Amino acid sequence: MSVGAPPFSLTPLLELVIELGPLHSLGAGAAGERRFAEIKGGHISGAGITATLDYGRDDQFLRADGTLEIDATYMFRTASGARLKVVNQGMRHGPPDVLARLGAGEAVPRDSYFFATTIRFETSDADLDHFNRVIAVAQASRRGGEVIFDIWQIG
């Protein structure tokens, strides 16, 4: 089978910044550790909008192999009151020493580990309706207590 060139392009769309709070863990299970990260704040900007976080939930599963699975949902509000739901799912993995440094809050170069997600949007606002038909991908990085997602629309 020949995969060839992708039948789509990537267009820069948004920057999403999430401020994390403490982690809460259910403890280690047979396959890994289920945990939940508190979200203290955040914002989104680009594509003609800026919005601040109204609500966020970050469910995580730290697999036995060290891979972190992320399943997060956020609700943002623009200055005009429009709401945008963002569903963000993906994974982070890398060398154990790099992941330990990330866990300690150290600045680690983005190219020393893998952290990518897929993103879907939902809104009832007519001005943001085009987001309802967008699928996007993000490359993420940690900066202290923040996670920064550079988001590209698949087109």
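Arginine 133 is exposed in this predicted model, with a relative accessible area of 61%. Its side chain meets that of aspartate 129 in a salt bridge, at 2.8 Å from N to O. The partner is less open to solvent by class: aspartate 129 counts as partly exposed because its relative accessibility is 31%, and the exposed class begins only over 50%.

That pair belongs to a broader set of charged contacts. In general, side chains of opposite charge can pair when their charged atoms come close. The count here comes to nine salt bridges, and I shall take some of them in turn.

Aspartate 54 forms a salt bridge with arginine 77, and the closest N and O atoms are 2.8 Å apart. Aspartate 54 lies in strand S3 and arginine 77 in strand S4, residues 68-78, so this pair ties together parts that are 23 residues apart in sequence. Both ends are partly exposed: aspartate 54 has a relative accessibility of 42%, and arginine 77 has 29%.

Next come glutamate 106 and arginine 101, whose side chains meet in a salt bridge of 3.1 Å, N to O. Glutamate 106 is partly exposed at 39% relative accessible area, and arginine 101 is likewise partly exposed, at 31%.

I would also draw your attention to Arg63, Asp65 and Glu69, which are linked in a network of salt bridges.

Let me now turn to the fold. How many strands form the closed barrel? There are eight, running S1-S2-S3-S4-S5-S6-S7-S8, and their pairing is antiparallel. From one strand to the next, the twist averages 25°.

One pairing may serve as an illustration. Strand S2, residues 32-46, and strand S3, residues 49-63, pair in the antiparallel sense over ten bridges. Within this part of the barrel, glutamate 33 stands opposite leucine 62 in S3. Strand S3 is also where aspartate 54 lies, the residue discussed earlier with arginine 77 of strand S4.

Finally, I come to serine 141, in strand S7, residues 135-143. Is serine 141 buried or exposed? Serine 141 counts as buried, because its relative accessibility of 12% falls under the 20% limit for that class. What surrounds serine 141, leaving aside its neighbours within four places in sequence? The residues in contact with serine 141 are Arg110, Tyr113, Phe115, Glu146, Val147 and Ile148.

To close, we may set two residues side by side: arginine 133 is exposed at 61%, whereas serine 141 is buried at 12%.

Conventions. Residues are numbered from 1 along each chain as its sequence is written. This is a predicted model: local features need pLDDT of at least 70, side-chain atom pairs count only at pLDDT 80 or more; totals for chains, interfaces and linings use all residues. Side-chain values use heavy atoms; hydrogens and water are left out. Two strands pair if DSSP finds at least two bridges between them. Helices (H or I, at least four residues) and strands (E, at least two) are DSSP runs, numbered from the N terminus. Axes are lines fitted to C-alpha atoms, for helices over the stretch in contact, and angles run from 0 to 180 degrees between N-to-C directions. Buried means under 20% relative accessible area, exposed over 50%, partly exposed in between (1.4 Å probe, protein chains only). Contact means heavy atoms within 4.5 Å. A salt bridge is a side-chain nitrogen of Lys or Arg within 4 Å of a carboxyl oxygen of Asp or Glu.
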